[in-house]
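Colleague: I am new to this structure and would like to go through it step by step. Where should we begin?

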Amino acid sequence: MSVIRSHHFPLGQFGIFIQKQKDKDFLKEMYPKLIAYHDWWYTNRDHNKNGIAEYGSMVSDANWKKDANDKNIKDANGSYELNDEAVIEAAAWESGMDNAVRFDKDGVGKNDPGVLVFKNKDSADKVIGYSINQESVDLNAYLYAEKGFLVSMAEELGKDSDASKYKKDAEKVQEYIEKNMYDKDTGFYYDLQINDDSSKTKLLVNRGKGTEGWIPLWANLSDSDKAASVRENMLSPNKFNTYMPFPTASKDNSRFSATEYWRGPVWLDQALFGVEALQNYGYKSDATFLSKNLFNHANGLMGTGPIHENYDPLTGDGLSTKNFSWSSAAYYLMYQNTIVGDETTSQTGIEK
């Protein structure tokens, strides 16, 4: 099954590479390809065409129901029957947060219909993909950040109209996230549940807090008051300031599990986003303190132990794969840019 793990934020990494290499010719060559990547989300994963994307799946053999002989099942019209659970799994994989609470098919609590699947069609009414029924705050914050990176690239290439376009597009995304994806009572950001005809939405506070809630700060789109409230959640020992900080589900989430992949364990990419989110809003001392805990409380890290895929937030024990390059890269950036320096991988093309 082909998926795109958007939290790798390739445009951001590419922008950093270009900035370091000063290779304008390479930037010129890659710029249209990066635009195509960015635009793909709005063609294939924006069910209601409102400029806000959802995670989902491609049209794929992996999404059809199978019989006992592993053959695709067809309906009375001769079309393959869709397996919603396969699409939901693909959507969660597309986010990179494979089994996160927010992708639980059954939802959480009353008045939550759970995760549903929508068909996305082109102008000829052909199905080109699928979206789940929620506009995810992290995905759209990443896309906001990508617009910022594209602004910087466009300005470097003298494409002023492009830069102006992405700034205007970013403003719309920012306004939407700030208006619809933030809960003032809990001081945190959440995914937004939608229905098929866009007539009703529900902020998914009931599914609890996860690391997706500080991505708007990493993307530099939050206002200072909202950022201050998110910081309070991040610094609470009962939420994200655990022994090994930044669990993928907050400690007070009803479905928190310290060792269950994306339902509690600390993933270093999300921790890096959290550290940089704090830095972006002037909380450098907090960012440094939590970064040092990520180093000192990871069992074996400061000795001869390997760097793990993820860590138990309550004990610091390493979990899953050993010698994990993704974690290593996040630790490198955290040490270089937070503990020793003071910069982030966030976009700078659009001011807060």
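Colleague: By class, how many nonpolar, polar and charged residues does the lining of the second largest pocket have?

Modeller: This is a predicted model. The second largest pocket holds about 210 Å³ of space, and 14 residues line it. By class, that lining has five nonpolar, three polar and six charged residues.

Colleague: Which element gives the largest share of the lining of the second largest pocket?

Modeller: Among the lining residues closest to the pocket centre are Lys147 and Asp169. Two elements give two or more residues to the lining, helix H2 (24-44) and helix H5 (160-180). The largest share, six residues, comes from H5.

Colleague: Which helix gives the largest share of the largest nonpolar core?

Modeller: In soluble globular proteins, nonpolar side chains tend to be buried together. The largest nonpolar core here has 86 residues, and Leu294 is one of those that touch the most other members. Leaving out residues up to four places away in sequence, Leu294 touches Phe246 and Tyr331, among others. The largest share of the core, twelve residues, comes from helix H4 (residues 137-156).

Colleague: Is Asp70 buried or exposed?

Modeller: Asp70 lies in the loop between strand E1 (56-57) and helix H3 (84-95). Its phi is near 65°, a positive value in a residue other than glycine. The relative accessibility of Asp70 is 56%, and exposed means over 50%. Asp70 therefore counts as exposed.

Colleague: What is the relative accessible area of Ser320?

Modeller: Ser320 is found in strand E11 (residues 318-322), and its phi, near 60°, is also positive. Ser320 is partly exposed, because its relative accessible area is 43%.

Technical notes
Residues numbered from 1 in each chain as written. Predicted model: local features only at pLDDT ≥ 70, side-chain atom pairs only at ≥ 80, totals over all residues. Heavy atoms only, no water. Helix = DSSP H or I, 4+ residues; strand = E, 2+ residues; numbered from the N terminus. Buried < 20%, exposed > 50% of the residue type's maximum accessible area, 1.4 Å probe, protein only. Core = buried A, V, L, I, M, F, W, Y, C linked by side-chain atoms within 4.5 Å. Contact = heavy atoms within 4.5 Å. 1 Å grid on protein atoms, 1.4 Å probe; cavity = no way out; pocket = protein on both sides within 12 Å on 5 of 7 lines; lining within 4 Å. Points joined across faces, edges and corners; volume = space filled by probe spheres on them. Nonpolar A, V, L, I, M, F, W, Y, C, P; charged D, E, K, R; others polar.
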